[in-house]
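Biologist: I should like a close look at the charged side-chain pairs of this protein, together with the cysteines and the backbone around them. Please take me through these in one connected account.

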Amino acid sequence: MKKCRSCGATAFRSFCDLGMSPPSNSFLKAERLNRKEAFFPLHAFVCERCLLVQLEQFQDPGEIFSSDYAYFSSYSDAWLRHAESYVATMIERFGLGSDHFVVEVASNDGYLLQFFRKRGVPCLGIEPSANVAEAAISKGVPTRVEFFGADSAQRLAATGRRPDLILGNNVLAHVPDLNDFVHGLRLLLAPSGLITIEFPYLERLMAENQFDTIYHEHFCYFSLLSVEAVFRRQELELFDVERLPTHGGSLRIFAQHAGGPHDASGRVEALREEERVNGLDRLEAYSGFAERVRETKRALLDFLISAKRAGKCIAGYGAAAKGNTLLNYCGVRTDFIDYVVDRSPQKQGRFLPGTHIPVLAPEHVAETRPDYLLILPWNLKAEVMAQMSHIRAWGGQFVVPIPRVEVLP
Ligand SMILES: [Zn+2]
């Protein structure tokens, strides 16, 4: 690490070293399997001054979010329900209607804005991936293809009205220039408007051993204290915060211009205090994580080795980024896992980066009847177990790797 993405300091401590790993969304076509593949260090550091946990960047964002970008939000039912309920709550709490304007940054395929549109609230998506934006436009969600930052915010603010609500779900961690991005939020936001941002919560990552949510495209891992410092620097104040169950435990922060119309809820101060009690405001709290990660690797390998020695067949479910971090870090390939299934047609027929495990359609599970189905996106465990409950007909069992290896009958 050269300079902290938030405060610019140059002194860091190691937080978690996951070795060398390929970019987690670069699924391979069969003809690429015998070619050279790029691996980059996957090593998270904590800033000694502002305690932001972060990764160094090795690729430019244009490469990461290329037109081949394989992630479409709408493929998860749970995530769609989350989006729909957010829209209903925001409309009710802040009285949003046809005379308001909502902008979503990193709006993906319109998975969320479609619900504002249905409720008659004018909206605009901003999405860097052209093919993903196209899917949004075909749903009737107006979308601009660009990276968001101070420059694009200035252009947008000059051409049209400034939004009453700007939202960003799971984008803040992916932003290469954090201060520029939050500066852009301030430039674009209407004077009395509000911002909501959701991101996976560092406290959960540490408490639940979620090291597999560390991957190259995910540059920052925020506590309330570290994210608040970034917003304060741009004269934005947090007036509310909610804990969410999504992605293994997330925070949703509510921000406004300093001195804006919304009164501060007690929840911001309560969570600040909780973080202080848990030591997240001190460097020492970050030092024990690395050993817990190594122990999780040993436990997963123990399970896989015993299962294979007993002649069991193991398949994986969900070709998501976190699975790729886990499998590469643990060195798990087709010697342990025959294949991974995924509902996204864009991923089927391809191979996982690094481990080269084939990605197939979910129907393949019923045809091959594996003894174990390893659920890689453990945050969607309930949904996957409901969707794949038929594996119990042949005695198949579910396995989750995180926070500890667990077999679920
Ligand atoms: Zn810092």
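Modeller: What follows begins with the salt bridges and then turns to the cysteines, one sheet and a few backbone details. Please bear in mind that the model is predicted.

The count of salt bridges comes to 24. A good place to begin is the pair formed by Glu198 and Arg252, whose closest N and O atoms are 2.8 Å apart. Glu198 belongs to strand E8 (residues 194-200) and Arg252 to strand E11 (residues 250-257), so this salt bridge ties together parts that are 54 residues apart in sequence. Both partners can be placed with respect to the surface. Glu198 is buried, at 1% relative accessibility, and Arg252 is buried too, at 6%.

The pair of Glu291 and Arg298 offers another setting. Here the closest N and O atoms are 2.7 Å apart. Glu291 is partly exposed, with a relative accessibility of 39%, and Arg298 is likewise partly exposed, at 39%. Elsewhere, salt bridges with shared partners link Glu228, Arg232, Glu269, Arg272, Glu273 and Arg276 into one network.

A further salt bridge brings together the side chains of Arg161 and Asp164, at 3.9 Å from N to O. The cut-off for such a contact is 4 Å, so this pair is counted. Its two members fall into separate accessibility classes: Arg161 is partly exposed, at 42% relative accessible area, whereas Asp164 is buried, at 18%. The limit for a buried residue is 20%, so the value of Asp164 places that residue under it.

The cysteines come next. The count of disulfides is zero. A disulfide is a covalent bond between the sulfur atoms of two cysteines. For Cys313, the closest cysteine sulfur is that of Cys330, and because 19 Å separates the two sulfurs, they are too far apart for a bond. Cys50, for its part, is buried, with a relative accessible area of 18%.

As for the backbone, one open sheet deserves attention. Four strands make up this sheet in the order E1-E2-E3-E9, with antiparallel pairing. Its edges are strand E1 (12-21) and strand E9 (220-221), each of which pairs on one side only. Strands of a sheet pair through backbone hydrogen bonds, either parallel or antiparallel. Strand E3 (residues 53-55) and E9 run antiparallel and are joined by two bridges. Within this pairing, Val53 has Tyr221 of E9 as its bridge partner.

Some loops also carry backbone features worth inspecting. The peptide bond from Ile402 to Pro403 is cis, with omega near 5 degrees. Pro403 sits in the loop that runs between strand E16 (397-400) and strand E17 (406-408).

Two asparagines have positive phi values. In Asn108, which is not a glycine, phi is near 50 degrees. Asn108 is located in the loop between strand E4 (102-105) and helix H3 (113-118), and this residue is buried, at 8% relative accessible area. Asn170 is also a residue other than glycine, and its phi is positive at about 55 degrees. The loop that holds Asn170 lies between strand E7 (165-169) and helix H6 (178-188).

Note on methods
Residues numbered from 1 in each chain as written. Predicted model: local features only at pLDDT ≥ 70, side-chain atom pairs only at ≥ 80, totals over all residues. Heavy atoms only, no water. Buried < 20%, exposed > 50% of the residue type's maximum accessible area, 1.4 Å probe, protein only. Disulfide = S-S within 2.5 Å. Pairing = 2+ DSSP bridges.
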